[in-house]
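The following note is offered to a colleague who is meeting this structure for the first time. Its points are numbered so that each may be read beside the model.

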Amino acid sequence: MSLSPPAGRVRARPKSHSPLPTPAPARAPGGHVLAVGAPGPSRELLTRTLRLTGYEVTHAVPGDVHRQVRQAPPDVIVALDDGPDGQRQGLDVIREVRADPAGQALPLLMVTAARTHAPATVADLLSHGADDCLPEASDPRELSARIAAKLHRVPVPVENLLRDPRTGLYSGPHFMDELDRELSRPSAARRGGVLAVVGVAEMAALETRLGPRVRREVAERLAGVAERLGGVCDRLGWDEDGQLLVLMPGVDEETATRSLREFAVSVAGTRFVVADENVRLTPAVGWTPLAEYADHTRAAEHARDAVSEAVRHRDLRPVRYEPWMRTSAPHPHRRARAGLRLLLTWATRLLSPVLPLVLGVGVPFVLYQQAYELGWDAAGFAYWVVVAGLVLSALLIMLECLFSLDATSRPERPGQPYPSASAVIAAYLPNEAATIVDTVESFLRLDYPGDLEIVLAYNTPHPLPVEETLREMAARDPRLVLLAVAGSTSKAQNINAAVTRVHGEFVGIFDADHHPAPNAFRHAWDWLSNGYDVVQGHCVVRNGDSSWVARTVGVEFETIYAVSHPGRTRMYGFGVFGGSNGFWRTDLLARTRMHGSMLTEDIDSTMRALNEGARIAMDRTLISRELAPTMLRPLWNQRSRWAQGWLQVSLRHLWGALRSPVYSRRQKAGLFALLGWREVQPWLTLQILPILVHAAWRAGGADRLDWAVPVCLMAAAFTMSAGVVQAAFAWRLAVPELRRRKAWFWHYLFVSTFFYTHFKNMVARQAHLKEALGDRQWRVTPRAAVAVPETVAVAETAVRT
């Protein structure tokens, strides 16, 4: 490098070797300059120029700036943008200088080579943190004057300004001053109001990878979304941790929550450029009402405590501060909450066999008796309601069977080329240790023409030997990504953590015991590339030989995934995501997330996706094989969670869906059947008992009843025939390896008629009571490794070939 001499001066030797002549500045400014660049002629010439203009000069090579700044703090840094062999190194130097707290306020000038000095280069250097930029051909007096100007007017870091002149963000201290002014207003004039703090779940990983400057950049990106949405955000700031500070004065809590939720969804659905990298962010919003505080200290602490809770769930829902979130909360409070949960759990277990009979049989019988004594035959009316309900249920089952024959077929070819794809396996390792290695190996055998990454998102309370095996597998195959989700307590949190890390245009979600068919991702893209947002596949039980329970569940899954789901989708015009072997467009999943507070987070996410207008398809040819419970106790726990989760979804979504303009009348009828009628039916079927007891009481004994009433017999026959029809359709539409097991379907028909249907109704009624009592404990269903049946192995080989 060289700097042009002042006008009128002539070099005696070639400029690449000649020392620079001494200019004649009016005054030597003095000061210590750190010259940064690789050793060589360019740095030597720069050093001579600086010394001849009156500066003390020391040197540093890129990568050693931090040590030099700490050992001998300079007054200004002048760095070369040109490295060995013509490689540009300016951006790396800027990052190194600005990453050091001691270098953040130092003036930094960049000198560019003649071949690279262009407006785009200058803009790039300035936007990344340089204070000035000039070409190597500049007059030495101009370089000296620019250094002197920076020394006389030292640049002020943005965080020391009241507001960032570019983004309008308040710095942390000044934002707190604004908050104090709001809190000091008289109570009568300060109605409502909320302080919100927005963190980012990926901040630690971003900072490790890209340096501390990402904190400010992330806050700026979040503020940009808030400004774009407008609404009730009055003042915005940022703190040194990169969290966005939001002051929302004069708003009620409902309005604030709605605005913050809209903001979080918008952030999650946007890809941002942070430190020249394309990233997806998970906003974690914590908030607290202003009415409870007199100064900013406690308000900010409490809002940040709520952020920590929001980070744990990663589900985009704003979290209101509660006292239990403080680590310093009194221990007796926590013990009292734990004791209350334990009490509710034991109360549910003790009352579960009795309370449903009291509520479903005893109370109605007393009501029928009292109504009869008042002259109204309520039992007779209830009888026809029950008969009509049972007939309606049977009719809906038969219609689903018929519509399943006309289920929408998978598109013949993809509408677009195969993009990159991702598989997310959610696992709780202590429960999945016996099966997870086989599962991962099955994913590594998938046949997909595009790039495919397999993300194992797992949590474990303690290290396990299987983790070392998984790390060895990841070292052998770079497609496998291990994502340990610290602090996770649910599948939903694992999926939420993974969705911002995946690179695929679409994501397949799987439980840790699932073995998808080799062509699963190709078939999923056939749907997603032709206008669908989610496609649910067919889950097939692969351990039906293990026990009669697993065999029963194996056939039941065929009635669900081969018959009911395709039939309902065709009949009502919408599909349902079933939690595993489901494929989402990544952008939609990033906006929707999973809510860990819901016991069936899959159905809840279905409803929220449908509310956005998403199209969900069901494909019974998109196969994944999984394990079924092999004993009644695990099956009871599993179905109890499912039943209680469906109730939670019904309570949260049904009424809003029936009033929503998003759904057609046909879809609303389907939602009522799916979310409303299914909750009524278990109690409705139980009503036949108090009705019969009341009839026997009126007749003077059960032996005096006329049991051969034609209408009753016809209704009972029609109701029972629905099970026969469903089993027949399940056999007709089942996967080949199960269709060959005709005895399994006869077994299912017998067990379902005389036991299993009543078993599921009992589970549903108990789940309703658990939800009413507040018992939402998730009892994990244990998994065990099984040998792959020969029929399944043959089927998989056939599909692969």
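1. Strand E7 (residues 194-200) and strand E12 (residues 283-289) are joined by 7 bridges and pair in the antiparallel sense. Within this pair, Ala-196 has Trp-287 of E12 standing opposite. Helix H8 (residues 214-229) packs on the sheet, where it touches E7, strand E8 (235-238) and strand E9 (244-248). The direction of H8 makes about 165° with that of E8. Helix H10 (residues 296-313) also packs on the sheet, with E7, E9, E12 and E13 as the strands it touches; the direction of H10 makes about 145° with that of E12. The reader should bear in mind throughout that this is a predicted model.

2. To which sheet do these strands belong, and in what order do they lie? The sheet is open and consists of 6 strands, ordered E6-E8-E9-E7-E12-E13, with mixed pairing. Strand E6 (170-171) and strand E13 (319-320) stand at the edges; each has a single partner strand, so one side of each is left without a neighbour in the sheet. As background, strands of a sheet pair through backbone hydrogen bonds, either parallel or antiparallel.

3. The chain as a whole may now be placed around this sheet. Its secondary structure comes to 28 helices and 21 strands. Of the 801 residues in the chain, 53% are buried. Among contacts between residues at least 6 apart in sequence, 77% join residues at least 24 apart.

4. Another open sheet has 5 strands in the order E2-E1-E3-E4-E5, and its pairing is parallel. Strand E2 (56-60) and strand E5 (132-135) are the edge strands, each pairing on one side only. On average, neighbouring strands of this sheet are turned by 25° against each other, direction ignored. Strand E3 (residues 76-80) pairs with strand E4 (residues 108-112) in the parallel sense over 4 bridges, and Leu-80 has Val-111 as its bridge partner in E4. Helix H4 (residues 119-127) packs on the sheet and touches E4 and E5; the direction of H4 makes about 150° with that of E5.

5. Helix H1 belongs with the same description, since H1 lies across strand E1 (32-36), E2 and E3. H1 runs at about 160° to E2. Glu-44 is placed in this helix, which spans residues 41-52. Is Glu-44 buried or partly exposed? With a relative accessible area of 39%, Glu-44 is partly exposed. Between Glu-44 and His-59 there are 9.8 Å in space, C-alpha to C-alpha, and the two are 15 residues apart in sequence.

6. Ser-266 offers a buried counterpart for inspection. This residue lies in helix H9 (residues 253-268). Its relative accessible area is 19%, and Ser-266 is therefore buried, the limit being under 20%. Leaving aside neighbours within four places in sequence, Ser-266 is in contact with Val-225, Arg-228 and Leu-229.

7. Strand E14 (residues 421-428) is mostly covered, with 7 of its 8 residues buried. E14 runs parallel to strand E15 (residues 452-459), and 8 bridges join the two; in E15, Ala-457 is the bridge partner of Ala-426. E14 also pairs with strand E17 (residues 506-511) in the parallel sense, over 6 bridges. Here the bridge partner of Ala-421 is Phe-506.

8. Arg-585 can be considered together with that region. This residue is in strand E20 (residues 582-585) and is partly exposed, with a relative accessible area of 21%. The C-alpha atoms of Arg-585 and Ala-421 are separated by 9.6 Å, although the residues are 164 apart along the chain. Not counting residues up to four places away in sequence, Arg-585 touches Glu-505, Phe-506, Trp-525, Leu-528, Ser-529, Tyr-532 and Asp-533.

9. How many cavities of 30 Å³ or more does a search of the whole structure find? There are 3. The second largest cavity holds about 50 Å³ of space. Its lining is formed by His-565, Arg-568, Thr-569, Tyr-572, Phe-574, Gly-575, Val-576 and Leu-674. Helix H19 (residues 548-572) supplies the largest share of that lining, 4 residues. By type, the lining residues divide into 4 nonpolar, 3 polar and 1 charged.

Key
Residues are numbered from 1 along each chain as its sequence is written. This is a predicted model: local features need pLDDT of at least 70, side-chain atom pairs count only at pLDDT 80 or more; totals for chains, interfaces and linings use all residues. Side-chain values use heavy atoms; hydrogens and water are left out. Buried means under 20% relative accessible area, exposed over 50%, partly exposed in between (1.4 Å probe, protein chains only). Two strands pair if DSSP finds at least two bridges between them. Axes are lines fitted to C-alpha atoms, for helices over the stretch in contact, and angles run from 0 to 180 degrees between N-to-C directions. Contact means heavy atoms within 4.5 Å. On a 1 Å grid over the protein atoms alone, a cavity is a set of points where a 1.4 Å probe fits but cannot get out, and a pocket is an open set with protein on both sides within 12 Å along at least five of seven lines; lining residues have an atom within 4 Å of a point. Grid points are joined across faces, edges and corners, and a volume is the space filled by probe spheres set on the points. Ala, Val, Leu, Ile, Met, Phe, Trp, Tyr, Cys and Pro count as nonpolar, Asp, Glu, Lys and Arg as charged, and the others, Gly among them, as polar.
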